Amino acid sequence: ALANDNYTLAVNDADVFDVTGGIADAVLQLRAATPRSNWVFEPRVRALRFPGDGELDTTDYFFNVQGEQRGERSTFGIGADFSNQDVILGQLPGAISGNIDLGQDPGPDAGRISGDNRQQLLRARPFAEFKLSEVTSLRVEGRAEDVAFDVNIADAFVSYQSLGAAVQLGRRFTPASQFSLRLECQQVDPDEC
């Protein structure tokens, strides 16, 4: 159950939503494991219902996949996420209030934007790790992300596509210490508002 006297964290009294309702959050985790592989599939549905304030009702959908296949000297894997959800300000800290100085109040850090704005996210993170010797390893990672909002809001919620890659070379000096050199690059293409 949920009761909130200012659900949208509105500043003006005219925009305040005093709500009482119910929350349902269901997750199903499916796991497939062998001595050389591990896969996890996790669908999730979250719903909020407010009798009398139907415009604030939401149903959000999520799906997560994590998996890896291990060989003698290599490991290959992928992580992938999908979500279709109402936008929550707490996911983008500082996006509404802009840059702030240390010690200043950033304003509300969580809440909902009034109106019907949803975010659709699709993300994939493949990786490969190779054991080059007993003490040296190489890890290669990729990242692709596509984020779309029903309504783009300048300086707050802007749809974008992103591609990135990373290469990490590591050398173990003792069983408890390792030195790694990591190079990363990323390209982000935001939509215009």
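Mentor: Two strands pair if DSSP finds at least two bridges between them. Strands (E, at least two residues) are DSSP runs, numbered from the N terminus. This is a predicted model, where local features need pLDDT of at least 70, side-chain atom pairs count only at pLDDT 80 or more, and totals for chains, interfaces and linings use all residues. Residues are numbered from 1 along each chain as its sequence is written, and side-chain values use heavy atoms, without hydrogens and water.

Trainee: Which residue of β10 is the bridge partner of G164?

Mentor: Q186 is the partner of G164. β9 and β10 are antiparallel, with 14 bridges, and a hairpin of two residues joins them. On β8 (residues 136–149), twelve bridges lead to β9 (residues 160–174), again antiparallel; V140 is bridged to V167 there.

Trainee: How many salt bridges are there?

Mentor: A salt bridge is a side-chain nitrogen of Lys or Arg within 4 Å of a carboxyl oxygen of Asp or Glu. The count is 13. One of them joins D60 and R46, at 3.0 Å from N to O. D60 lies in β5 (residues 58–70) and R46 in β4 (residues 37–49), so the pair ties together parts 14 residues apart in sequence.

Trainee: Is D60 buried or exposed?

Mentor: Buried means under 20% relative accessible area, exposed over 50%, partly exposed in between (1.4 Å probe, protein chains only). D60 is buried at 0%, and R46 is buried at 15%.

Trainee: Which residues are linked in a network of salt bridges?

Mentor: D81, R123, R125, R143 and E145. Within this group, E145 meets R123 at 2.7 Å and R143 at 2.9 Å. E145 is buried at 10%, while R143 is partly exposed at 35%.

Definitions and conventions: Helix = DSSP H or I, 4+ residues; strand = E, 2+ residues; numbered from the N terminus.
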